[in-house]
Amino acid sequence: MNACLDTLALSPRLALTVCRKQEIAHGITLFELAAADHGELPAFEAGAHIAVTTPNGLLRRYSLCNPPSERQHYVIAVKRDELGAGGSKSMVDELAPGSVLAVAPPENYFPLARDAQRYLLIAGGIGITPLLSMVHELRMRGADFELVYCARFPESTAFLDELAAPDLAGRVRIHHSHGDPARAFAVEPLLAQYAGGTHVYCCGPRRLMQAVREAARHWPAGTVHLENFGTSEDPKASGDRLFSVRLERTGITVAVPPGTSILEALRNRGVPAPSSCESGTCGSCRTRLLAGKGEHRDYVLDEDEHDAEIMICVSRAQAGCEQLVLDL
Ligand code: FES
């Protein structure tokens, strides 16, 4: 998980020590974090993440991948992103056993349903991290589940040893595309038939989550769960530029600079707006768009809603559109 949170206020924070650092696959490093006295840490549920201050001062969210029953440490896995803003590089290059990190207690925007009869987990790349915690939890519950884990190459596939445990035989499918888009895992056949009581959880690259969302469009509301932490930043983000939003009800105009979401810009200006996941998946920040053209980066809205609504945690103004007018 590598979501950027540069304006998040972290309070309260825990000071956690890196107890273990290990490269577990090409470009992926595992960190085990614990309190200095090895005491119990705040509890978490499968799918939860922590927000950490990286050594170079950025704020990043990382999914917890260990079993929620483990209270003495948190385990995260960080993919070193050469093209990112430097948070993951700082984590991998600058942290060592004994380093101390400021960490916000776990939060969960990607919880497992309690009442599902079957769980289908689909991971792409480093998106395996929250789903691994779910595997631990579902195993403990004795639940019916299957994990499909898509990665490019065997050497870039994390947690292979854990997923080869004998009790997971027949419940884990690992698919390698070898970098060939023509060999990418086809989610459509997997999701074509909805089996009653099934919930699907997907975390991975944008194209995988979009494919899952499309293929499961006929599934009942509330059974498709997406999480985009752990994945590379939106490729469109490199072209982000300044625009403004005008709030129709109050007449306030707020500038939205590159690297800041509309939601963050509003918050910085003291304008409250509902939000939860802040990753374009939950639907909490849905806002009526009264004028202007949005560049939609969420996983909530359908194309026919794009002219009239916008998810302000991730979406922006299209190139050539200087101002969006919002019903706020
Ligand atoms: S806060 Fe969840 S979609 Fe925007």
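This report covers the domains, a pocket, the aromatic pairs, one helix and some loop residues of a predicted model.

**Domains and pocket**

The protein is split into three parts: domain 1 (3–103), domain 2 (118–227) and domain 3 (237–326). Between the C-alpha centres of domain 1 and domain 2 the distance is 23 Å. Domain 1 puts 16 residues into their contact, and domain 2 puts in 14 residues.

The second largest pocket has a volume of about 450 Å³. Its lining counts 19 residues, and those closest to the pocket centre are Gly222, Val224, His225, Thr281 and Tyr299. Where does this pocket lie? Domain 2 and domain 3 both give residues to the lining, so the pocket lies between them. Strand β12 gives the most to the lining, with three residues. By class, twelve lining residues are nonpolar, five are polar and two are charged.

**Aromatic pairs**

A pair of aromatic rings is described by the distance of the centres and the angle of the planes. This structure holds four aromatic pairs. One of them joins Tyr194 and Trp219: the ring centres are 4.9 Å apart and the planes stand at 65°, so the pair is edge-to-face. The cut-off for that class is over 60 degrees. Tyr194 sits in the loop between α4 (188–191) and β11 (198–203), while Trp219 sits in the loop between α5 (206–215) and β12 (224–227), so the pair ties together parts that are 25 residues apart in sequence.

Are the two partners buried or exposed? Trp219 counts as buried, at 7% relative accessibility. Tyr194 counts as partly exposed, at 28%. The line for buried is drawn at under 20%.

Ring pairs also link Phe110, Tyr119 and Tyr201 into a cluster.

**Helix α1**

Helix α1 spans residues 87–94. Its buried residues are Gly87, Ser88, Ser90, Met91 and Val92. What covers them includes β2 (14–25), β3 (28–35) and β4 (49–53). The cover also includes β5 (59–63), β6 (74–79) and β7 (100–107).

**Loop residues**

Most residues other than glycine have a negative phi, and most peptide bonds are trans. Two histidines have a positive phi instead, as listed here.

| Residue | Phi | Place |
|---|---|---|
| His38 | about 60° | loop between β3 and β4 |
| His178 | about 55° | loop between β10 (172–176) and α4 |

Neither the positive phi of His38 nor that of His178 belongs to a glycine. His178 is partly exposed, with a relative accessible area of 36%.

The loop between β3 and β4 that holds His38 is also where Ala43 is found. Which residues does Ala43 contact, leaving aside its neighbours within four places in sequence? Ala43 is in contact with Arg71 and Pro106. Ala43 and Arg71 are 28 residues apart in sequence, yet their C-alpha atoms are 6.5 Å apart in space.

Conventions. Residues numbered from 1 in each chain as written. Predicted model: local features only at pLDDT ≥ 70, side-chain atom pairs only at ≥ 80, totals over all residues. Heavy atoms only, no water. Phe/Tyr/Trp six-rings, centres within 6.5 Å; stacked < 30°, edge-to-face > 60°. Helix = DSSP H or I, 4+ residues; strand = E, 2+ residues; numbered from the N terminus. Buried < 20%, exposed > 50% of the residue type's maximum accessible area, 1.4 Å probe, protein only. Contact = heavy atoms within 4.5 Å. 1 Å grid on protein atoms, 1.4 Å probe; cavity = no way out; pocket = protein on both sides within 12 Å on 5 of 7 lines; lining within 4 Å. Points joined across faces, edges and corners; volume = space filled by probe spheres on them. Nonpolar A, V, L, I, M, F, W, Y, C, P; charged D, E, K, R; others polar. Domains from an automatic or database assignment.
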